[in-house]
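Me: Could you take a close look at the aromatic rings in this structure for me, and walk me through what surrounds them? I work at the bench, so please spell out the cut-offs as you go.

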Amino acid sequence: MILVTGATGHVGGELTARLVRSGRPVRALVRNGAEPPAGAEAAVGDLDRPESLRPALDGVRAVFLLPGYADMPGLLGECAGAGVEHVVLLSSIAAPDGDMDNAISRFMILSEEAVRASGLPWTILRPSGFMSNTFQWTAQLAAGDVVRAAFPTVAVAMIDPYDIAAVAAHVLLDPDHHGRAHALSGPEPLLPADRVRVLGEVLGRRLRFEGLTDEEAREEMEAGGTPAAYVDAFFRYYADGTLDDSRVRPTVAELLGRPPRTFTQWARAHAHAFQEER
């Protein structure tokens with residue numbers, strides 16, 4: 001049995017569906033009342049309360065684990081006590097920077113440290129920015145043909161969550177990946193304007209991009225409820241330049257024997273989400 005945490009999220013949902021299609025027994029950890037992906041067994045638990053996961057961990061051999069919860073050592077202790085044989089942690093390309101003053105880097109770093117100290121076999125996945133972050137623009141595209149976004153000069157080698165899930169499925173039951181950290185990216189660095197152009201082509205719309213100033217971006221993030229520490233973290237990464245998220249890495253192709261999916265492929269697969277908002 002494989003336990004997938006975050007099973008209704010972009011990566012966890014893709015992973016659960018992939019495991020179901022391959023005939024693997026999979027248990028999807030969901031919040032109370034949430035529906036698991038089709039074909040998966042549902043389990044309820046609170047990742048901030050490790051003891052609540054004991055029923056979900058019964059008979060589990062491998063766990064796909066999200067980072068950043070209140071007691072990561074406790075979570076991993078529950079995994080060890082249940083006899084889990086492998087933990088695959090979803091981390092971030094930012095974790096190796098070691099910047100404990102950056103709130104996002106810090107929770108990734110602490111999560112990785114907890115996994116390494118757990119005594120369990122582990123694999124860490126460190127993806128670049130997700131293509132699914134583009135869903136942030138659905139309301140703007142419902143309102144008109146102009147997309148305004150932060151950090152207009154920052155290119156990111158964005159990765160499709162489909163590819164992160166494919167890598168996770170590949171390594172989950174393979175001991176050759178124990179003790180390894182895999183850096184993952186998409187096939188090319190993209191500016192926000194590049195994504196807008198591709199979306200316009202896929203949707204058949206004449207879209208236009210406008211970059212926000214740093215002052216406008218900070219104001220919008222704070223107004224949208226992003227915690228102040230995370231706003232500061234994004235500005236450290238992309239305004240101060242502490243993170244280079246533009247690097248294209250060969251890992252997806254090396255592990256899967258195919259290139260990572262392009263943003264055009266992602267946009268075509270999810271075009272309905274933007275059309276439904278209009």
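Reply: Happy to! The structure holds eight aromatic pairs; a pair here means rings of Phe, Tyr and Trp (its six-membered ring) with centres within 6.5 Å, where planes under 30 degrees apart count as stacked, over 60 as edge-to-face and the rest as tilted. Before going further, please note that this is a predicted model, in which local features need pLDDT of at least 70 and side-chain atom pairs count only at pLDDT 80 or more, while totals for chains, interfaces and linings use all residues. Residues are numbered from 1 along each chain as its sequence is written, and side-chain values use heavy atoms, with hydrogens and water left out.

Let us start with F151 and F235. Their ring centres lie 5.1 Å apart and their planes stand at 70°, so this pair is edge-to-face. The two partners come from distant parts of the chain, 84 residues apart: F151 sits in the loop between strand 7 (146–149) and helix 6 (161–172), and F235 belongs to helix 9 (residues 228–238). Helices (H or I, at least four residues) and strands (E, at least two) are DSSP runs, numbered from the N terminus. F151 counts as buried because its relative accessibility is 10%, and F235 counts as buried at 7%. The scale behind that word is relative accessible area: buried is under 20%, exposed is over 50%, and partly exposed is in between (1.4 Å probe, protein chains only).

F151 also has a backbone detail to look at: a positive phi of about 50°, although F151 is not a glycine. In the same loop between strand 7 and helix 6 you will find A150. Leaving aside neighbours within four places in sequence, A150 is in contact with P192, L212, A217 and M221, contact meaning heavy atoms within 4.5 Å. The C-alpha atoms of A150 and F64, by comparison, are separated by 31 Å, with their positions 86 residues apart along the chain.

Back to F235. The charged end of R218 sits over the F235 ring, 4.3 Å from its centre. For this, NZ of Lys or CZ of Arg must be within 6 Å of the ring centre and within 35 degrees of the ring normal. R261 is placed in a similar way, with its charged end over the ring of Y162, 3.8 Å from the centre. In helix 9, F235 is buried along with V231, A233 and Y237, and what covers the buried residues of this helix includes helix 4 and helix 8.

Now for another pair, F263 and W266. The ring centres are 5.4 Å apart and the planes meet at 20°, so F263 and W266 are stacked. Both lie in helix 11 (residues 263–269), and because they are three residues apart, about one helical turn separates them. F263 counts as buried at 2% relative accessibility, and W266 is buried as well, with a relative accessible area of 1%. Ring pairs also bring in F135 and F274, linking them with F263 and W266 into a cluster.

F263 leads us on to the surrounding core. A nonpolar core is a set of buried Ala, Val, Leu, Ile, Met, Phe, Trp, Tyr and Cys residues joined through side-chain atoms within 4.5 Å. The largest one has 27 residues, of which W137, L141, L199 and F263 touch the most other members. Two or more residues of this core come from each of strand 7, helix 7 (192–203), helix 8 (214–223), helix 9, helix 11 and helix 12 (271–276). Helix 7 gives the most, with four residues. Apart from this core lies another, of 26 residues, among them A7, V26, L125 and I159. In soluble globular proteins, nonpolar side chains tend to be buried together.

L125 takes us to strand 6, where six of the six residues are buried. W122, I124 and R126 are buried on one side, and T123, L125 and P127 on the other, leaving both faces covered. Strand 5 and strand 6 pair in the parallel sense over four bridges; strands count as paired if DSSP finds at least two bridges between them. Within that pairing, L125 is the bridge partner of L90.
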